[in-house]
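Please look over the structure shown here and keep it open while reading. The briefing goes through it topic by topic.

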Amino acid sequence: MAGLVKGEKFYRGIAVSAGVCRSKVVVLHRSRRAIIKRDLPPESVAPEIKRFEHALVRTRQQITEVQRRVADTMSSSEADIFDAHLLMLEDRVLIEEVIKIIHEQRTNADYAFHTAADRYIAVLEAVEDEYLRERAADLRDLSGRVLDNLLEVKDQFNLRHLTEPCILVAHDLSPSMTAQLDRKFVLGFVTDIGGKTSHTAILARSLDIPAVVGAQGISEELETGDYALLDGYNGTVVVNPTDQTLFEYGQLAKIKASLDEKLREVQSQSAVTLDGRTIHLSANIEDQHDVKAVLAHGAEGVGLFRTEFLFINREHPPTEEEQLQVYREVAAALKPHSVIIRTLDLGGDKFASHLQLAREMNPFLGWRAIRFCLAQPELFRAQLRAILRASAEGNVKMMYPMISGLDELIQANTLVEKCKVELRAENIPFAENLEIGAMIEIPSAVLIADTLAKRVKFFSIGSNDLIQYTLAADRTNEKVSHLYEPTHPAILRLIKMTVDAAHANGIWVGVCGEIAGDAILAPLLVGLGVDELSAAPAVIDQVKYIIRRIKLTEARQLAETALTSESPTEIFARCIEFARQTAPSLFENKA
Ligand code: PEP
Ligand code: MG
């Protein structure tokens with residue numbers, strides 16, 4: 001049913017992951033269903049019909065259960081509504097039509113049911129009679145339930161059914177769904193909602209697939225089968241692009257190819273300014289498979305290993321041994337470079353089904369990260385031991401997320417000391433001098449940075465969270481994305497305070513939030529005195545490219561001016577001007 005959008009149409013959203021792709025789209029509707037037609041071999045037709053019948057039985061059980069609950073808590077007349085659903089579920093004409101489609105077209109039951117039910121719904125919606133029109137809504141509801149059962153949507157939408165390349169269009173994609181995306185089939189994605197530093201956006205950059213979020217309403221307007229072009233540089237999606245548009249994007253691809261060549265040249269060089277200031281440029285990774293990209297893009301090790309992605313999309317948390325294998329593999333592959341493993345940061349927009357985290361009213365302010373780990377000492381212990389043990393294999397460092405006060409740091413360090421005692425007793429090797437750092441991502445941590453600095457070996461500023469907590473602007477909510485301003489004077493002052501506290505206490509400070517990978521903002525961070533930048537592998541080259549073209553003196557000037565400015569927009573404009581003048585090639589593919 002492609003083609004709701006007639007002619008070329010542009011949608012604008014937030015550009016979160018660079019690149020351009022064009023393809024047919026697959027739409028995951030709000031309920032996260034993507035109906036894809038699949039051809040079946042003849043021997044699979046009968047089992048497919050059985051699968052359909054089984055889904056009907058399951059749906060009947062579910063409706064009866066809901067009806068029973070409604071009757072208990074409300075009135076029987078409300079519960080009667082479900083009788084209409086049950087009747088439709090037994091409608092022989094509908095059922096036989098579905099079976100006929102499966103048979104004749106040798107296709108999957110979800111596609112067949114969706115096709116038949118949609119036809120029915122369209123007929124009901126077209127009649128004058130109000131009663132019958134209401135039945136269309138009932139049938140839509142019922143059809144959703146049957147499809148959920150056919151697609152086993154209950155746990156998660158499952159992208160295994162994709163068999164050809166597409167652009168995924170969805171209302172939202174959770175980080176755990178995004179982590180499952182297969183780059184072979186998902187060329188890019190676009191969502192109605194989301195922000196630049198949501199973990200979904202971060203994963204898109206890490207997977208290096210073009211992505212646009214916050215393109216409000218797009219999932220309602222597009223249909224599976226529509227053709228679109230997605231521009232992850234400028235946050236644009238063009239449906240039914242004309243030849244002229246395709247030509248223009250062809251030019252963009254040429255510019256990109258020539259930029260890639262320039263970027264490749266700096267990959268083996270270090271991130272040093274024209275006047276000799278070296279910045280440690282490292283990468284953010286989500287699992288061991290990202291190591292290849294770290295090496296390919298010439299990052300100096302890992303500045304942030306987000307370990308929580310080892311915990312999601314699985315039945316049970318990984319054991320100490322399983323974690324050890326992964327940490328060891330990464331440490332060994334990147335030796336002698338350092339690998340900073342961040343302890344588990346679950347919660348917020350990252351959930352693990354097996355841990356049964358309850359949905360909270362304010363997940364970002366709730367039971368997350370170090371708070372969660374300190375309350376689950378056994379889970380935490382397994383991770384701490386695995387990290388300590390991996391430190392015997394390479395240059396491993398560790399840091400804690402979401403430190404809000406000294407107590408948490410002391411408690412975590414006490415657990416580490418206990419693990420060390422155990423390992424010594426078990427004769428298991430680890431690096432006695434393993435360096436431990438704290439992430440600075442909560443304003444309270446900045447305000448007590450001098451206290452924290454005396455107890456850690458380094459700071460890593462988590463600007464994604466620091467910005468959302470300081471400005472009270474949810475990092476995943478596109479409606480407040482205009483308030484989520486990295487160049488807000490409050491943010492710059494907090495970064496400066498952190499740098500000053502770190503340096504006064506003889507420790508180094510890095511930034512591992514998304515601003516570290518933004519070529520427009522990197523010079524400002526260098527000017528503010530940051531020692532390390534850690535970003536998605538795919539953007540490392542650009543950051544290195546610009547650092548190699550600036551002078552520390554100029555970057556400091558930029559930072560000084562920014563610190564005295566009152567307007568975030570003005571500061572940002574200055575940063576853009578500075579970056580465009582210093583490295584114009586980086587911006588030729590931006591509108
Ligand atoms: C941050 O908050 O900036 C950060 C790097 O951590 P995460 O994005 O995983 O919350
Ligand atoms: Mg964070």
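The notes below cover the metal site, the ligand site, one helix, and then several single residues.

This is a predicted model. The magnesium ion (ligand 2) has two protein donors, Glu441 and Asp465. Ligand 1 sits in the largest cavity, and the protein buries 100% of the area that ligand 1 exposes when taken alone. Helix H17 takes part in both sites: Asp465 lies in H17, and H17 gives the most residues to the shell around ligand 1.

**The magnesium ion**

- Glu441 donates to the magnesium ion through OE and Asp465 through OD, at 2.0 to 2.1 Å.
- Glu441 lies in the loop between strand E13 (435-440) and helix H15 (443-447), whereas Asp465 belongs to helix H17 (residues 463-471).
- These two donors are 24 residues apart, and the pair links distant parts of the chain.
- Are the two donors buried or exposed? Both Glu441 and Asp465 are buried.

**Ligand 1**

- There are 17 residues around ligand 1, and those that come nearest are His199, Arg306, Arg342, Asn464 and Arg475.
- The side chain of His199 has an N or O atom 2.8 Å from an oxygen atom of ligand 1.
- Glu441, a donor to the magnesium ion, also has a side-chain N or O atom 2.9 Å from an oxygen atom of ligand 1.
- For Ser463 the backbone is involved: one of its N or O atoms lies 3.1 Å from an oxygen atom of ligand 1.
- Taken alone, ligand 1 exposes 290 Å², and 100% of that is buried by the protein.
- Where does ligand 1 sit? Its place is in the largest cavity.
- Helix H7 (199-207), strand E10 (302-306) and H17 are the elements that give two or more residues to the shell around ligand 1.
- The contribution of H17 to this shell is three residues.

**Helix H17**

- Why is H17 described as largely enclosed by the rest of the structure? The reason is that eight of its nine residues are buried.
- The buried residues of H17 include Ser463, Asn464 and Asp465. Of these, Ser463 has the backbone contact with ligand 1, Asn464 is among the residues that come nearest to ligand 1, and Asp465 is a donor to the magnesium ion.
- Leu466, Ile467, Gln468, Tyr469 and Leu471 are also among the buried residues of H17.
- After H17 comes Ala472, which has a positive phi, near 50°.

**Ser534 and its contacts**

- Ser534 is located in strand E16 (residues 532-535).
- The relative accessible area of Ser534 is 0%, so this residue is buried.
- Which side chain does the side chain of Ser534 contact? A polar contact of 2.6 Å joins it to the side chain of Asn284.
- The side chain of Ser534 also reaches the backbone nitrogen of Gly303, at 3.3 Å.

**Residues far apart in sequence**

- Leu263 is part of helix H9 (residues 243-266).
- Leu263 counts as buried because its relative accessibility is 4%, and the cut-off for buried is under 20%.
- Leu263 and Ser585 are 322 residues apart along the chain, yet their C-alpha atoms are separated by 9.9 Å.
- Val213 is found in strand E6 (residues 211-213), and it is buried, with a relative accessible area of 1%.
- Between Val213 and Ser17 there are 9.4 Å in space, C-alpha to C-alpha, while in sequence they are 196 residues apart.

**Backbone details**

- The peptide bond from Lys335 to Pro336 is cis, and its omega is near 5°.
- Pro336 is in the loop between helix H11 (320-334) and strand E11 (338-342).
- Asn240 is a residue other than glycine with a positive phi, near 50°. Its place is the loop between strand E8 (236-239) and H9.
- Is Asn240 buried or partly exposed? With a relative accessible area of 26%, Asn240 is partly exposed.
- Ala369, again a residue other than glycine, has a positive phi near 50°.
- Ala369 lies in helix H12 (residues 369-375) and is buried, with a relative accessible area of 0%.

Key: Residues numbered from 1 in each chain as written. Chains lettered and ligands numbered in written order. Predicted model: local features only at pLDDT ≥ 70, side-chain atom pairs only at ≥ 80, totals over all residues. Heavy atoms only, no water. Donors = N, O, S within 2.8 Å, 3.2 Å for Na, K, Ca; no water. Helix = DSSP H or I, 4+ residues; strand = E, 2+ residues; numbered from the N terminus. Buried < 20%, exposed > 50% of the residue type's maximum accessible area, 1.4 Å probe, protein only. Near = heavy atom within 4 Å. Polar contact = N/O pair within 3.5 Å; in protein donor to acceptor, adjacent residues only side chain to side chain. Areas by Shrake-Rupley, 256 points an atom, 1.4 Å probe, with all protein chains shown as cover. 1 Å grid on protein atoms, 1.4 Å probe; cavity = no way out; pocket = protein on both sides within 12 Å on 5 of 7 lines; lining within 4 Å. Sits in = over half its atoms within 2 Å of the grid points.
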